[in-house]
Amino acid sequence: MSLDVVFDVVASICLIAGALLSVAAGVALVRFPDLLTRMHAAAKPQVLGLLLVLVGCALRLRTGVDITTLVLVGAFSLATAPVAAHMVGRAAYPHEDIRTDLLVTDELAAHLDRAADEREHSAPA
Amino acid sequence: MSSDPSTEPTDRAHPPLSRTARRRNQAIAVTALVAVWVLLWGTLSWANIIGGLVVAVVLLAVFPLPPVTFAGRIHPLPMLRFWLHFLRDLVVASAQVAWLAMRVGHPPRSAIIAARLRVNTDLNLTLTAEALSLLPGSLILEADRRTGTLYVHVLGVTDKAEVERFRRGVLELEARIIEAIGSAEELRRIRENPADREGVPA
Amino acid sequence: MTAVAVIVTVLLAVAGGLTLARIIRGPSILDRAVATDVLLAVIVAAIATEAAYSRDATALPVLVVLAVLGFVGSVSVARFAARRDDTSTSTTSEGSQP
């Protein structure tokens, strides 16, 4: 078995695994009960799925220029996805419809109450 | 919180940067931007490097970076260990979330957990938060810079014991990051407060 | 390789359909933003698969643009959603305020 065939097989596995993760994310998006849980689902194709697909693509193309581009795509996505997720999560937390009945504990609520208290006490001064 | 801005510049955890530290940060930023530029073009040539330098200098002049204190140095072996551990966590967490999505039955339960990091620097807070966000199953809702506390939404938690286990997990992640890039002082702080005793916010 | 391409196409089509369902159902704009992000990830996967299948790198720069575009999109939607009720979100947004 030549090296080319090995590369192709590994690339195929990576591509299919990436696509499967995308499907799982789609299912999760439809089935999960609230925004925050759906965001967990979104992280999957954006991180591991993307990495797998990029590795698969790199194994097929095998030229230096293309691999640098793919590395850049991966680096950009990995650097930006958490920032976007944090922005959305912070915009969502106290306002959007979050299923608090499904939370085991909520240690942020106490923190926000404390922060609001501090603001009230410091505001008149 | 930002309610008291007067304490901000003299805050012990976030001291202002010295001149050399600022220079070094700028040098790192320029190198990274030139690297991105060369990667975008795909070929390493003098024209690309000089073009990249011009773009990087203009960018840094127009959008100056916020100050970042980096006291430590890069330790290659712990760095490798961090990445291997991270990749393993990534695969495991992706599989877990996929399983939760496919499972028939009750909707998954989750929790919002506060984890107070032992090393309260902007860099450590950012890197730990980034690593946690990249893993499916944990999501940063809020980061409190003053106390160095991360508020994490965790998917698939069913009881209090798992909450504590996850909090320990966050601190272990922090320890791996500090071991990879931290200074001797930060490392000492991590070793003095093992993960199983710390992290519960006051 | 053709069989792989067919399988991946079907899987990605299913994923895209499910994501579209979430974009249509909402209910909030943030739900749609998250779902759009996933749709973008599916599109990136599709373009990369096409490049891998045909061994043609023409579409790769598109991936770079998409990788940055998704970020800009969801951040601006999140800003917009947070701006509507700025009173309580501003308590926690240290550092991002001028």
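In this predicted model, B:Asp144 stands opposite B:Thr149, a residue of strand β3 of chain B. The strand that pairs with β3(B) is β2(B), and the two run in the antiparallel sense, joined over six bridges. Strand β2(B) covers residues 138-144, while β3(B) covers residues 149-155. Between the two strands of this hairpin there are four residues, and in the hairpin B:Gly148 takes a positive phi near 70 degrees. As for its surroundings, β2(B) is mostly covered, since seven of its seven residues are buried.

Further along chain B the reader comes to a pair of helices, α5(B), made of residues 160-181, and α6(B), made of residues 184-192. Their axes come within 9 Å and cross at roughly 155 degrees. Because angles over 145 degrees count as roughly antiparallel, that crossing makes α5(B) roughly antiparallel to α6(B). The crossing of these two helices is, in addition, left-handed. On the side of α5(B), the contact is made by B:Ala175, B:Ile178 and B:Glu179, and on the side of α6(B) by B:Glu186, B:Leu187 and B:Ile190. Sorted by class, the residues of this contact between α5(B) and α6(B) comprise four that are nonpolar and two that are charged, with no polar residue among them.

Turning from chain B to chain C, one finds four helices and zero strands, so that, read along the sequence, chain C follows the pattern α-α-α-α, with helices as DSSP runs numbered from the N terminus. Of the 98 residues in chain C, 39% are buried. Among the contacts in chain C with a separation of 6 or more, 45% are between residues that lie 24 or more positions apart.

Chain C also touches chain A, and here 47 residues of chain C are in contact with 50 residues of chain A. The elements of chain C that give two or more residues to this side are α1 (2-25), α2 (29-54), α3 (60-84) and α4 (86-89). Of these, α2(C) supplies the largest share of the side that touches chain A, namely 15 residues. Taken by class, the side of chain C that touches chain A has 34 nonpolar residues, together with eight polar and five charged ones.

Technical notes. Residues numbered from 1 in each chain as written. Chains lettered and ligands numbered in written order. Predicted model: local features only at pLDDT ≥ 70, side-chain atom pairs only at ≥ 80, totals over all residues. Axes fitted to C-alpha atoms, helices over the stretch in contact; angles between N-to-C directions. Parallel < 35°, antiparallel > 145°, perpendicular 65-115°, else oblique. Left-handed = near helix turned anticlockwise from the far one by under 90°. Contact = placed C-beta atoms within 7 Å. Nonpolar A, V, L, I, M, F, W, Y, C, P; charged D, E, K, R; others polar. Buried ≥ 20, exposed ≤ 12 C-beta atoms within 10 Å, placed from the backbone. Pairing = 2+ DSSP bridges.
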